Amino acid sequence: MADSSDSVSVDMETIYLGGKEHIIRTGRGSVSVIVYGDQEKPPLITYPDLALNHMLCFQGLFFCPEAASLLLHNFCIYHISPPGHELGAAAICPDDPILSVEDLCDQILEVLNYFGLGAVMCMGAMAGAYILTLFATKYRDRVTGLILVSPLCKAPSWTEWFYNKLMSNLLYYYGMCGLLKECLLQRYFSKEVRGNPEIPESDIVQSCRKLLDERQSINVWRYLQAIDSRPDITEGLKKLKCRTLIFVGDSSPFHAEALHMTGKLDRRYSALVEVQVCGSMVTEEQPHAMLIPMEYFLMGYGLYRPSPFTGSPRSPLSPSCISPELLSPESMGLKLKPIKTRVSSPHSNTIER
């Protein structure tokens with residue numbers, strides 16, 4: 001761990017399913033990072049959407065046994081929370097300056113420097129996907145790849161601007177009220193899991209609704225101000241050379257934006273996976289749909305899932321290892337567009353710390 005006179009790490013007594021929380025003081029305020037796994041492994045950082053932390057945004061994916069074995073076998077996971085979004089966070093002082101998306105990116109850079117990390121794999125959802133994409137355009141040598149879930153890349157549309165203003169006013173005057181939670185749940189999930197008068201809402205929606213009650217409304221409001229003021233980064237996408245894998249639900253309010261973003265990326269290094277009957281949070285609603293695309297994406301870096309038969313850390317996944325019916329896009333509820341990358345040896349794409 002890098003020494004810094006400007007940073008303080010506090011290893012909390014609370015252990016989050018094997019992870020340890022570090023509170024890191026940066027030049028733009030304190031940030032919570034929960035670390036899972038062996039810090040000698042290549043790093044993967046995550047960044048969540050508005051009003052969420054890693055438990056709300058990525059828990060479904062990391063609780064999926066196959067995905068957990070793939071990711072935790074190959075990476076040390078660093079879950080970065082937006083300021084004031086960690087579990088048990090206190091309200092941020094109203095006098096503290098409101099951070100911009102640029103500030104949040106620079107805060108991530110300070111976190112990487114604190115842990116002594118070089119280039120990292122990034123996974124972000126919605127607003128978090130925007131932050132990590134912006135980070136990749138600013139600090140291209142610090143990002144080896146992007147896994148983005150329902151990402152944003154343009155400035156807010158008029159429709160999003162209206163919803164953001166509505167949520168901003170609700171947060172400011174009423175806090176985490178019922179109407180605000182409904183706006184957020186529509187942002188996250190498809191109508192199929194949100195339920196209706198005849199069908200109860202799913203367990204994941206009920207859990208999310210309860211956990212939103214624990215959010216500090218002023219902290220959520222501050223993150224929303226940053227996202228609502230974000231610039232269009234479309235032109236910067238053309239300069240990205242890292243591989244990018246995009247997931248989006250076909251019921252996501254950001255579906256069109258994900259398609260727009262995919263069209264602007266270099267086709268040699270990017271792929272789009274559209275998940276049918278799914279909202280924005282594919283990580284929670286249909287995490288199994290992410291597994292096979294992620295496996296093939298990571299194979300391009302020479303990374304593999306351990307074999308269930310041998311436990312070998314270098315047992316490659318191949319079509320012969322996977323049941324043919326699992327490769328059917330229809331069976332996964334996917335419209336899968338293949339990853340187009342240049343052919344190269346696994347060793348030339350290995351991620352290094």
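This passage describes a helix, a nonpolar core, a cavity and a strand residue in a predicted model.

Helix H10 comprises 12 residues, 217-228. At 1.5 Å a residue, a helix of this length should span 16 Å. The C-alpha atoms at its ends are 16 Å apart, so expectation and model agree. H10 is mostly covered, with 10 of its 12 residues buried. The buried set runs through Asn-219, Val-220, Trp-221, Arg-222 and Tyr-223. Leu-224, Gln-225, Ala-226, Ile-227 and Asp-228 are buried too. Polar and charged names thus appear alongside nonpolar ones, including Arg-222 and Asp-228. The packing partners of these buried residues are one strand and three helices. The strand is E4 (43-47). The helices are H4 (101-115), H5 (127-138) and H6 (158-174).

The largest nonpolar core holds 107 residues. Within this core, Ile-131, Tyr-188 and Met-294 touch the most other members. H4 supplies the largest share of the core, nine residues. In soluble globular proteins, nonpolar side chains tend to be buried together.

Ile-131 was examined further. Neighbours within four places in sequence were set aside. Ile-131 then contacts Tyr-47, Val-101, Leu-104, Cys-105 and Ile-108. Tyr-223 and Ile-227 are also in contact with Ile-131. Both Tyr-223 and Ile-227 are among the buried residues of H10.

A UniProt annotation, from an unreviewed entry, marks residues 114-136 as a "transmembrane region". In the model this span is 52% helix and 26% strand. Its end C-alpha atoms lie 18 Å apart.

The whole structure was searched for cavities of 30 Å³ or more, and one was found. The largest cavity contains about 30 Å³ of space. Its lining consists of Asn-53, Met-55, Leu-56, Leu-87, Leu-211, Glu-214 and Arg-215.

Cys-76 belongs to strand E5, residues 76-80. The relative accessible area of Cys-76 is 0%, under the 20% cut-off, and the residue is therefore buried. Gly-37 lies 39 residues from Cys-76 along the chain. Even so, 4.8 Å separates the C-alpha atoms of the two. Residues up to four places away in sequence were again left out of the contact list. Cys-76 touches Val-35, Tyr-36, Gly-37, Asp-38 and Gln-39. Lys-41, Pro-42, Pro-43 and Leu-44 are also touched by Cys-76.

Note on methods: Residues numbered from 1 in each chain as written. Predicted model: local features only at pLDDT ≥ 70, side-chain atom pairs only at ≥ 80, totals over all residues. Heavy atoms only, no water. Helix = DSSP H or I, 4+ residues; strand = E, 2+ residues; numbered from the N terminus. Expected span 1.5 Å × (residues − 1). Buried < 20%, exposed > 50% of the residue type's maximum accessible area, 1.4 Å probe, protein only. Contact = heavy atoms within 4.5 Å. UniProt positions renumbered as here; feature names shortened; annotations may be inferred. Core = buried A, V, L, I, M, F, W, Y, C linked by side-chain atoms within 4.5 Å. 1 Å grid on protein atoms, 1.4 Å probe; cavity = no way out; pocket = protein on both sides within 12 Å on 5 of 7 lines; lining within 4 Å. Points joined across faces, edges and corners; volume = space filled by probe spheres on them.
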